[in-house]
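Notebook open, model loaded. I want to walk through the fold and jot down what I look up.

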Amino acid sequence: MTRIDHKTAIVTGAGNGIGRAIALAFAGAGANVVVSDVLADDGERTVREITDGGGEAFFVAADVSDAQQVEDMVAAAVGRYGGLDILANNAGIGGGKLRLHEIEPEDFDRVISVNLRGTFLCSKYAIPHFLAQRDGRIVNTASTYGLIGAPNAAAYCASKGAIINLTRQLAVDYGPDGIRVNAVCPGYIDTHLGRRGPQLTKEEFDAATAVREKAAGMQPLRRQGQPAEVGEVVLFLASDAASFMTGSIVAVDGGCVTTFNYGEASN
Ligand SMILES: NC(=O)c1ccc[n+]([C@@H]2O[C@H](COP(=O)([O-])OP(=O)(O)OC[C@H]3O[C@@H](n4cnc5c(N)ncnc54)[C@H](O)[C@@H]3O)[C@@H](O)[C@H]2O)c1
């Protein structure tokens, strides 16, 4: 069983979905988990799940696109646990279902700001702690939509493609310092990504869910993945079991990117 006992790990976007699953996997493997999210109630709920199960965690509210909030979040993690070993850059948002000419500039900027700038900022403030101990592990949550083009998702695809090459670039820069940087590319995972909050009616939510299920049903494993199936891979990449892996881009996608068939798929 993969263990990361006594390591301190920050997980962003850990209030829900894949981030919550990463946080639970890390805590189950013995880590001190810093659960971070913009949604305080959701983040606190993840903390309660961990602590009720005998694990160690605390919540820090932070918007990953805000430099000051991220700097404060990293400082809070180090202040609480005395160091930092692992960063899971997971927080992300969808970009709506639009072709590029239909996207408002501020909406494009928001997707890049959360997904890409958020990954940059959290890494920026975590890396000095990794450099000081000549050990650190970053796992970025990219997407299959960063590996290939996909329908009506220009901002999201651009942000995730950038995260993939940033992962490789960081592996080059920081490998000599003992810092490993890898990324997972989830395929269709059963979360509320892009359908969170009041922006969709129940009918729209159900319709979007049906499209996702249909799209996932065309992929080799014929189903959506569960968040825990991504969490386990992120745990592996963050652990010593992956000690010779850096710059790796790992699809966790039920075989999505092995096929041409996107049918009516969209995010
Ligand atoms: N669900 C999928 O099918 C899928 C596929 C590929 C990649 N991903 C990626 O996985 C990651 C997690 O997505 P999910 O599916 O779990 O979505 P989700 O909406 O269930 O969870 C995302 C979490 O991130 C938080 N968040 C959003 N903006 C934030 C910000 N600015 N700062 C801090 N936290 C913020 C949300 O509050 C939420 O708790 C994202 O990066 C997403 O792009 C998801």
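Before counting anything in the sheet, my rule: two strands pair if DSSP finds at least two bridges between them. Helices (H or I, at least four residues) and strands (E, at least two) are DSSP runs, numbered from the N terminus. This is a predicted model, where local features need pLDDT of at least 70 and side-chain atom pairs count only at pLDDT 80 or more, while totals for chains, interfaces and linings use all residues. Residues are numbered from 1 along each chain as its sequence is written.

**Sheet.** I looked up β1 and β2 and found five bridges joining them, in parallel. Val11 has Val35 in β2 as its bridge partner. On to β4: strand β1 (residues 8–12) runs parallel to β4 (residues 86–89), with three bridges between them. Here Ile10 stands opposite Leu87.

What is the strand order of the open sheet? I read β3-β2-β1-β4-β5-β6-β7, seven strands with parallel pairing. β3 (56–61) and β7 (249–252) are at the edges with a single partner strand each, so one side of each has no neighbour in the sheet. Neighbouring strands are turned by 20° against each other on average, direction ignored. For angles I use axes that are lines fitted to C-alpha atoms (for helices over the stretch in contact), running from 0 to 180 degrees between N-to-C directions.

**Burial of β2.** I call a residue buried if 20 or more other C-beta atoms lie within 10 Å of its own, exposed if 12 or fewer, and partly exposed in between, with C-beta atoms placed from the backbone. Six of the six residues of β2 are buried, so the strand is largely enclosed by the rest of the structure. Both faces are covered: Asn32, Val34 and Ser36 are buried on one side, Val33, Val35 and Asp37 on the other.

**Helices on the sheet.** Contact here means C-beta atoms, placed from the backbone, within 7 Å. Helix α2 (residues 40–52) lies across β2 (32–37) and β3, at about 175° to β3. Helix α3 (residues 67–81) packs on the sheet too, touching β1, β2 and β3, and its direction makes about 155° with that of β3.

**α1 and the ligand.** I checked the length of α1 (residues 17–28) first. The expected span is 1.5 Å times one less than the number of residues. For its 12 residues that gives 16 Å, and the end C-alpha atoms are 17 Å apart, which agrees. 12 of the 12 residues are buried, so α1 is largely enclosed by the rest of the structure. Gly30 follows α1, with a positive phi near 100°.

Which residues come nearest the ligand? Of the 29 around it (C-beta atom, placed from the backbone, within 6 Å), I noted Gly13, Gly17, Gly92, Thr191 and Leu193. The elements giving two or more residues to this shell are α1 and α4. α1 gives the largest share, three residues.

**α4 and odd phi values.** The 29 residues of α4 (residues 105–133) should span 42 Å, and I get 41 Å between the end C-alpha atoms, which agrees. Still, α4 bends by about 40° at Arg117; the bend is the angle between axes fitted to the seven residues ending there and the seven starting there.

Most residues other than glycine have a negative phi, so I listed exceptions. Arg134, just after α4, has a positive phi of about 50°. Arg134 counts as exposed, with 10 C-beta neighbours inside 10 Å. His6 is not a glycine either, and its phi is positive at about 65°. His6 sits in the segment before β1 and is exposed, with 12 other C-beta atoms within 10 Å.

Note on methods:
Contact = placed C-beta atoms within 7 Å.
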